[in-house]
Amino acid sequence: LRIRSATPLLRLRSAADVQQRLRFLNTGPAQEPQVIAAQLDGDGYEGPHRSVLYLLNAAPGPRTLALAALAGEPYVLHPVQAAADAADDRPRRFARFDAGSGRVTVPARSAVVFVIPKEPAE
């Protein structure tokens, strides 16, 4: 439950919020069928993240997606998953986001969350 309390974007309160903020990635003819990838836009929304990228990999092996639309974005592993005491250490050890290309690697049978933190108020 720690991830929910630290990430309000993972619990949007209305259908309008979902329609406005949720975008599915990994779609179309080149789709990796065993991976769900989605992005939540946090612009103007409460919480510490400008954007959340989450991926669910049901495959028995790691998967890498080329998400060119995310190239240049400064995603980092969610602090809960990056913590040394995380319940599942595979995201910390194996999940990667390459900002230069937008390529993201997700370990086998795992859920991974990347975030772009909001800039601190000055």
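Glu-73 is partly exposed in this predicted model, its relative accessible area being 24%. Its side chain meets that of Arg-50 in a salt bridge, with 3.6 Å from N to O. The two residues belong to distant parts of the chain, 23 residues apart, since Arg-50 sits in strand S3 whereas Glu-73 sits in the loop between strand S4 (63-66) and S5. Arg-50 is likewise partly exposed, with a relative accessible area of 37%.

**Salt bridges**

The count of salt bridges comes to 5, among them the pair just described and the two taken up next. Glu-46 forms a salt bridge with Arg-13, and the closest N and O atoms of that pair are 3.0 Å apart. This pair, too, links distant parts of the chain: Glu-46 lies in the loop between S2 and S3, while Arg-13 lies in the loop between helix H1 (2-6) and helix H2 (15-21), 33 residues apart. Arg-90 forms a salt bridge with Asp-88, where the closest N and O atoms are 2.7 Å apart. Side chains of opposite charge can pair when their charged atoms come close. The table sets out the accessibility of residues that take part in these pairs.

| Residue | Relative accessible area | Class |
|---|---|---|
| Arg-13 | 57% | exposed |
| Glu-46 | 41% | partly exposed |
| Arg-50 | 37% | partly exposed |
| Glu-73 | 24% | partly exposed |
| Asp-88 | 29% | partly exposed |
| Arg-90 | 26% | partly exposed |

Why does Arg-13 count as exposed, whereas Glu-46 is partly exposed? The limit for exposed is over 50%, and Arg-13 has 57% relative accessibility, while the relative accessible area of Glu-46 is 41% and therefore falls in the class between buried and exposed.

**The sheet**

Arg-50 leads back to strand S3, which belongs to an open sheet of 5 strands in the order S1-S2-S3-S8-S5, with antiparallel pairing. Strand S1 (22-25) and strand S5 (76-77) form the edges of this sheet, each pairing on one side only. On one side, S3 (residues 49-57) is joined by 7 bridges to strand S2 (residues 35-41), the two running antiparallel. Within this pairing, Leu-40 has Val-52 as its bridge partner in S3, and Val-35 has Asn-57. S3 is also joined to strand S8 (residues 110-117), here by 8 bridges and again in an antiparallel arrangement, and the bridge partner of Leu-53 in S8 is Phe-114. S3 is mostly covered, as 7 of its 9 residues are buried. In a regular strand the side chains alternate between the two faces of the sheet.

**Nonpolar cores**

Which residues of the largest nonpolar core touch the most other members? Of its 17 residues, these are Leu-53, Leu-55, Val-104 and Phe-114. S2, S3, S7 and S8 each supply at least two residues of this core, and the largest share, 3 residues, comes from S8. Leaving aside residues up to four places away in sequence, Leu-53 touches Leu-25, Ala-38, Gln-39, Leu-70, Tyr-75, Phe-97, Val-112, Val-113 and Phe-114, so that its bridge partner Phe-114 is also among its contacts by the limit of 4.5 Å between heavy atoms. A second, separate core of 9 residues includes Leu-12, Tyr-45, Val-52 and Val-113. In soluble globular proteins, nonpolar side chains tend to be buried together.

**Two loop residues around Val-35**

Asn-26 is found in the loop between S1 and S2 and is buried, with a relative accessible area of 11%. A polar atom of its side chain lies 2.6 Å from the backbone oxygen of Val-35. Neighbours within four places in sequence aside, Asn-26 is in contact with Gln-31, Glu-32, Val-35, Ala-37, Leu-65 and Leu-67.

Arg-109 has its place in the loop between strand S7 (103-106) and S8, and unlike buried Asn-26 this arginine is exposed, with a relative accessible area of 56%. Arg-109 and Val-35 are 74 residues apart in sequence, yet 9.4 Å apart in space, C-alpha to C-alpha. Residues up to four places away in sequence not counted, Arg-109 touches Asn-57, Ala-58, Ala-59, Pro-60 and Arg-90. These contacts include Asn-57, the bridge partner of Val-35 in S3, as well as Arg-90, which forms the salt bridge with Asp-88.

Definitions and conventions
Residues are numbered from 1 along each chain as its sequence is written. This is a predicted model: local features need pLDDT of at least 70, side-chain atom pairs count only at pLDDT 80 or more; totals for chains, interfaces and linings use all residues. Side-chain values use heavy atoms; hydrogens and water are left out. Two strands pair if DSSP finds at least two bridges between them. Helices (H or I, at least four residues) and strands (E, at least two) are DSSP runs, numbered from the N terminus. Buried means under 20% relative accessible area, exposed over 50%, partly exposed in between (1.4 Å probe, protein chains only). A salt bridge is a side-chain nitrogen of Lys or Arg within 4 Å of a carboxyl oxygen of Asp or Glu. A polar contact is a pair of N or O atoms within 3.5 Å; within protein, one must be able to donate a hydrogen and the other to accept it, and residues adjacent in sequence count only if both atoms are side-chain atoms. A nonpolar core is a set of buried Ala, Val, Leu, Ile, Met, Phe, Trp, Tyr and Cys residues joined through side-chain atoms within 4.5 Å.
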